[in-house]
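Open the model in your viewer and keep the selection panel at hand. The stops below go from one ligand site to another, with a detour through the rest of the chain.

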Amino acid sequence: MDFGAVVITFAVAGFLLWAAYLLTTSRTKDLQPEETPQNLAPYVSDDELENNRLTRILASAVVAAAALAAVMAVYYIAEADRQAEAVEAFHERDVEEGEHWYEHFSCIECHAAGGVGGGAEYIEARSGLTTTWAAPSLNDIFYRYSEEEVVSVIVFGRQGTPMPAAGLEGGGAMTSQEVDQTIAYLRSIQIPQAEAVAKVESAVSQAVNRISSGADGVQARIAEQDEEIADIEAAPGIYSAIADLPVTIDDVLAGAETCTEASAELVSLPCDDPAVDTDRDGISDDAERRLNVIAARAFDAVGSGSTIITLDGSLELSLAADDAFSMADATGEPIADLESVSEFLRLFGTAELSYRIAAERQDRFLPPAEAGLAYLEESSEAAEWEVDFETIADVAFGGDIDDATRAVGLFNSYCARCHTAGYSAGVAFQQDEGSGAWGPALTDGRMLVQFPDIEEHIDFIINGANWAENYGVNGLGSGRMPGFGQLLSREDIELIVKYERSM
Ligand code: HEC
Ligand code: HEC
């Protein structure tokens, strides 16, 4: 407990004692009516007052005042600490609340726990294909942006990317306090600068690998798309092979010759005349035999390799009329037959529904899937992710392939997501290097026009753009272009700049 509370406790206790004293003395007076009332009784005489009594009263007042002064001084000494503690406590609460908002407003779903970066499912507009759009790490965000710039991204989102506008002004649901607390949380999870800088090497090699494995990646994607189309085409056939099973299953579980009360209840029907159930597991002997056949048929028809829905081996029931536990779960625990059948019904129900929809709407699903495939094939042909390192080396780096490779790796890791259209959506979706996306296009010698002096170009990359501040010859900053001086070495920035100037 702190000093302030002690003082307050004493003060309150003193006041209460004093009030009690006043009350009791006035009561005693009431009990002696013959005495002169207090207001009429003569008080202490002047002589007496101006002698001992006054001195005593004044002395005690001086002592009390001195004590109070001393207490105030002592109290004051701790004041600075107390304030700092209060600020700290507020800050800690902000960080905690911020972490809560980070989850509540789904930041965590795209940027991952601890802000290490992740991805967002996204339907890419031109191809109609679902892809994963890279969501940047936020645990190093303040090495790239000022606080206001981060607030503005959170509040207004990024159009044309999955980053939603989360703040009230942007049309989202976060109040400014919630945004501020999220910022406090983001501050608390920043990795040390050295660690952020150390990530550069792996980022560069990943970006370079992405180029060399691009063709394989798109081919794999094409194979997936082929499979999806084949599945959509096969759906009506598969559905017709299982379409009669739901009725058959009802007949078996609740039919006159084969039902038990427990099995009929699985399909919410009554059973008036239960059939023989030797192992008393809730499924009649006949039903067990017939369900094995049904499950085998369902499994055969649907199989396990489909992109529409896959059925696992638990559809292969093997019920035996004299064994109440004919299957075991993953840990080897026996599963009662009634339970296996109920699980079979659940899985089969989902599969049946999926294939019914796929079959009925085949003509709705097929065209977009085929358009997606056509897009991928074109993309594989155009191979826009490919980079001609030799030409870049010749044009910008005096023939030095290593410099050219590193420059491209750096540009792709740190700049491409804003300056190369579709980069974040993956190789199949990206366009030419520097083609412009959320940030302007950098191609066709534009850099030489904007920054006639290379030093100015380098400074710009080091510091980034600020809101409403001019840069270069005719640039007007919006604060959306980050500064990279805290993440990339000057040598690396020079490599990027030389590369950009050759675009
Ligand atoms: C649906 C996924 C998604 C959600 C939810 C989401 N983000 Fe993002 N965020 C992204 C993507 C994707 C980007 C990168 C956009 C781009 O390519 O420029 C991004 C970018 C950012 C950036 C800029 C990072 C940079 O380096 O340019 C910040 C800051 C940010 N998000 C913070 C947040 C916060 C805080 C929340 C929660 C309130 C949030 N995001 C919710 C997907 C998401
Ligand atoms: C988060 C998105 C983003 C990233 C990442 C980014 N930029 Fe930018 N860049 C922009 C925006 C937006 C502008 C326009 C200025 C503004 O609005 O502040 C810009 C402007 C520029 C310009 C000036 C273009 C002109 O003609 O006016 C250059 C050069 C540039 N960026 C280079 C880079 C380099 C190099 C990197 C990587 C080291 C990079 N940018 C990373 C968004 C980004």
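Select ligand 2 and Arg 446: a polar side-chain atom of Arg 446 lies 2.6 Å from an oxygen atom of the ligand. This is a predicted model, and the distances are to be read accordingly. Add Tyr 471, where a side-chain N or O atom is 2.6 Å from an oxygen atom of ligand 2. Then add Ser 478, whose side chain places an N or O atom 2.4 Å from a ligand 2 oxygen. Colour by secondary structure next: α16 (416–419), α17 (446–450), α18 (454–463) and α19 (490–501) are the elements that each give two or more residues to the shell around ligand 2.

Expand the selection to the whole shell. It holds 28 residues, and the closest are Cys 415, Cys 418, His 419, Ser 478 and Met 481. By class, 17 are nonpolar, seven polar and four charged.

Now centre on the iron atom of ligand 2. Which residues coordinate the iron atom? His 419 does so through NE2 and Met 481 through SD, at 2.0 to 2.1 Å. The arrangement is octahedral because the six donor atoms subtend angles of 87 to 179 degrees. For reference, the ideal angles for six octahedral donors are 90 or 180 degrees. His 419 belongs to helix α16, while Met 481 sits in the loop between β6 (475–476) and α19, so the pair ties together parts 62 residues apart in sequence. Show the surface: are His 419 and Met 481 buried or exposed? Both are buried.

Zoom out and colour by domain. The assignment gives domain 1 (3–31 + 49–77), domain 2 (91–191), domain 3 (222–364) and domain 4 (384–501). Between domain 1 and domain 3, the C-alpha centres are 87 Å apart.

Select Asp 277, in the loop between α10 (261–266) and α11 (285–302). Its relative accessible area is 17%, so Asp 277 counts as buried. Add Ala 324 and draw a C-alpha to C-alpha distance: the two residues are 9.8 Å apart in space and 47 residues apart in sequence.

Finish at the iron atom of ligand 1. His 111 (NE2) and Met 163 (SD) coordinate this iron at 2.0 to 2.1 Å. The site has six donor atoms with angles of 86 to 179 degrees and is octahedral. His 111 lies in helix α4 (residues 107–111) and Met 163 in the loop between α5 (147–156) and α6 (176–188), so the pair ties together parts 52 residues apart in sequence. Check accessibility here too: His 111 is buried, at 10% relative accessible area, whereas Met 163 is partly exposed, at 24%.

Methods. Residues numbered from 1 in each chain as written. Chains lettered and ligands numbered in written order. Predicted model: local features only at pLDDT ≥ 70, side-chain atom pairs only at ≥ 80, totals over all residues. Heavy atoms only, no water. Near = heavy atom within 4 Å. Polar contact = N/O pair within 3.5 Å; in protein donor to acceptor, adjacent residues only side chain to side chain. Helix = DSSP H or I, 4+ residues; strand = E, 2+ residues; numbered from the N terminus. Nonpolar A, V, L, I, M, F, W, Y, C, P; charged D, E, K, R; others polar. Donors = N, O, S within 2.8 Å, 3.2 Å for Na, K, Ca; no water. Tetrahedral: all angles 85-135°; square planar, octahedral: opposite > 155°, others 65-115°. Buried < 20%, exposed > 50% of the residue type's maximum accessible area, 1.4 Å probe, protein only. Domains from an automatic or database assignment.
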